[in-house]
Structure formats: C-alpha cells, structure tokens
Amino acid sequence: MLTIKRVATVLSNYQEDAYEKQEVGCGRNCLGNCCIPASTLPLYAFQKEQDDSGEYGELYPSEEQPQPSFLNLLLEQWGDRMRRGLFRYDVTNCKTKIIPGKYGFIAQLNEGRHLKKRPTEFRIDQVLQPFDDSKFNFTKVGQEEVLFRFEQSNDCKSHFLASAPVTAKPNYSPNVIAINVSPIEYGHVLLIPHVLDCLPQRIDHDSFLLAIHLAREAADPFFRVGYNSLGAFATINHLHFQAYYLEVPFPIEKAPIQRISTKEGLQDTGVIVSQLLNYPVRGLVFKGGKSAQDLSDVVANSCIFLQTNNIPFNVLISDCGKRVFLLPQCYAEKQAIGEVSLELLHTQVNPAVWEIGGHMVLKRREDYEDTSEAYAWRLLAEVSLSEERFQEVKAYILEAAALQATNMKDTEVNQAEDKVYQKEDSLCKQRAASQANQRVPYDCMVLQ
C-alpha cells in the first residue's frame, strides 16, 4: 500500500481536532443534518437552459426577483467574510508575478498556506475511497463560511434571495458555495454538491454539470473552476470543486492544441476533443457541444473512466464553462516511490489543478525569488504521464466518451479553429473587461 505523509490544506476554520471531537447537535450552526433543516441561508438560483428539462431548487417568479451579477455578488460576499476575519491570512498581501519566458507562468508567494496545518496520512494509490464521517468533512463547516446555496431556477433567469429557509422536503440536500479559508486567490470558494449526502470525492454526471453551470453563471473567463481527484492532491474526501478569480490568462489556456479527428460516436454532441501540444503536462481539451449538458456528459464519462480505472486526474473548467481540460497525472505516485528529485520535494509544492494550469503557488520565499520558467516546466513535467501511457489512456477515454480517434497524422494544429472559438467568446470577454474595474484592484501583480 502506497502512503505518503503530508500536511493537509486547511479549507475550513472547523478543520481542527478540537472541532472534530464535538458531538452532532453541537449548536455551532453547521452544515450537518443537526442544523441545516431549521436554517435560513442566502440562495442563488442560476438560470435554466432552454433545452434543460431537469429541475433543482424551488420556484421563484421571475417578475419578483431581479437578475443579479453572479460574480460580483460572489466577490462581494467573499469580501464580507474577509472583513469579518474568517480567513487564516490575507491573500491580497501575497506577492504575485509573471515568470519571464514564453509561457507566462504565474508565481505566487503564499506562506500562509504552510501555517496551522495538522499532519495526516491517506492512501494515494486509490482514487475512489469510501466517505469517512470520522474525518473532517464539509457538514462540519459553520454556516458563516457559506456564501449562498446554488440551485437551478425553474426558468431562464437567475434569481437571488438574501435569506431563504432551507426546504425540509424529503431527500433535499443543498448545493452550497463556501469560502476556502486558506485561499489561493481572491474569491477562492468551494462548490459542495448535495452537502448532506456526504458524497466521496468522485465526479458524477450531476455534480459535473453543476460545476459547468457555476463557470457559465460567472460569465467571466478569469473565473475558473477546478477539481482534484484523490491521488491528484485532493485533501478532503468529500465531493467538492474549487474556483477563484484571477485576472490573467493561464499558460495552459494559451497552449497550442491538436484536434483529434473522431468518427461519429453513439450520439452527435457537437463536442470537439483536442490534445495539448508543447505543454509540460499531457492532457485533453474538450469544448463545444450543443448544450452545457452535452459538454458535461462527455467530460463526466471520461472522468468516470479514470476514476474506475484508478488513474488520478485534475480538471480545469475554463472560458466561461465552454472549455474543459482533463489532465491525468502521476506525481503523487512518483513521490511515494522516490522518483521525484529532492530539489522539487523540498519546495513542498503539490502540483494540483491550479499549478498544472500554470499558477504556481510557492510556500518558500527563496523559491519565489529564484523561480524560473525552467523550474515550472521541470516540476510540471514530473506530473505528466509518459507519452506511451498517455496514448493508452487517451484511447480509453475516447472510447468512454463514445468517440473513436482516426489517424492523428492527418490532424493539423487547431489554431484557425481557436480563432473562431475566440470570436464566439468575444461577448463573454467584453463583459469581463467592462466589469473588471468594479472588482478587485490587482495591485499585487508584478509584471516582469
């Protein structure tokens, strides 16, 4: 059995032994069954797609509720929690810079994430592990850390209620958006689907579609949603996604891609599959689809395959939920069997979704001051599957997604297609630019 002793990332103020030993019904106004049914929480009901027959949440007449700006609302609420002192450090004081070089990797000095941690051991050779209520999970989070519930509206408009009772209907388990008390960036939040169901860290179709909706509702290319599987540096075995706002392109988003020509699958979804080129981590890129459901289903099928076959992976949802990067990785396994250099191990950087995307979160000042593009590349190259192994996994993923690759040598680099895609996204990007001044000033960014 492969195990590595590590320092857990603290995601909640209640993630401490003293809190874990308290009994159910502690009166802490938590997210457990003891407190949620009688609670009132803010509610954001995101707009329903025209062709979406599914229904979450409750009915809210559109004429009674104005359509809020989701991202501005999220950042305002997040800032309120910062003023109330709920975070373990002030992330706005963390130094950030663009590393000189071709790719524009982003480096952040975040010494706060290395403080007040408690050691833990968990298996890193098993992507799917049963939920363990004896360990920290998000039902133990205090409701003051919650920004709002995130449910689907019954119409094609979004609605926000500053205070709404949590429904007591049978089998209702709310989706909640809560702060990450050890943030990487401004607006760093956790999306916790069906929190009362105590789902382990594993993607299913319902939860992944919810994450796609989160990115689409934000409607801003600088707001990304990420996922880490167990074995790929998820630290809590309770289903959650992460997201934050960073007003700079990620290197992975600028990397060239090569479209994978596919024969017709079981269903024409309109989803385009490509693979990354000239990037240190090998991965697949999914985009398009006739609806959010189409894109979500194809990626979720791929993730489910990786989970079932015990392959750790990370997911980055980008471009307002219209592009998804799927990145199988093996760094923790290499770390456990001693195949990672001491130089990289001493940095204590766990390359999860944000690092793979190109946002390097560094914990030591000397690493931040000396960092280079060569270092970032060397670290991320250790994350990647070998070319041979990646081709095997890619073939199985395409099969799981009901697609079949044709001859790759006939495929050209998809730069022209990217231009078309960028044109389609221009409205989203223009909206982001027009709202940028209303959000967080980025004085801490150092452009070199």
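User: Hi! Which strands does helix H2 lie across?
Analyst: Happy to help. In this predicted model, H2 (residues 70-83) lies across E2 (40-46), E6 (146-152), E7, E8 (176-179), E9 (189-192), E10 (223-228) and E11 (241-245). The helix runs at about 155° to E6.

User: And what's the strand order in the open sheet?
Analyst: The order is E7-E2-E6-E8-E9-E11-E10-E16-E17-E15-E14-E12, which makes 12 strands with mixed pairing.

User: Nice. Which strands stand at the edges?
Analyst: Those are E7 (159-165) and E12 (257-259). Each has a single partner strand, so one side of each has no neighbour in the sheet.

User: How about the twist, what does it average from one strand to the next?
Analyst: It averages 25°.

User: Back to E12. In which sense does it pair with E14, parallel or antiparallel?
Analyst: Antiparallel, with three bridges between E12 and E14 (residues 271-276). Ile-257 stands opposite Leu-276 of E14.

User: Switching topic: how many residues does H11 have, and how far does it reach?
Analyst: H11 covers residues 387-400, so to speak a run of 14 residues. From first C-alpha to last it reaches 20 Å, close to the 20 Å expected at 1.5 Å a residue.

User: Which of its residues are buried?
Analyst: In H11 the buried ones are Phe-390, Val-393, Lys-394, Ile-397 and Leu-398. Looking down the helix axis, they fall within an arc of 140°, so they line one face of H11.

User: What does the face turned away from that buried side carry?
Analyst: That face of H11 carries Glu-388 and Glu-399, both exposed.

User: Last one: which residue just after H11 takes a positive phi?
Analyst: That's Ala-402, with a phi of about 65°.

Definitions and conventions
Residues are numbered from 1 along each chain as its sequence is written. This is a predicted model: local features need pLDDT of at least 70, side-chain atom pairs count only at pLDDT 80 or more; totals for chains, interfaces and linings use all residues. Side-chain values use heavy atoms; hydrogens and water are left out. Helices (H or I, at least four residues) and strands (E, at least two) are DSSP runs, numbered from the N terminus. The expected span of a helix is 1.5 Å times one less than its number of residues. Buried means under 20% relative accessible area, exposed over 50%, partly exposed in between (1.4 Å probe, protein chains only). The arc is that of the directions from the helix axis to the C-beta atoms. Two strands pair if DSSP finds at least two bridges between them. Axes are lines fitted to C-alpha atoms, for helices over the stretch in contact, and angles run from 0 to 180 degrees between N-to-C directions. Contact means heavy atoms within 4.5 Å.
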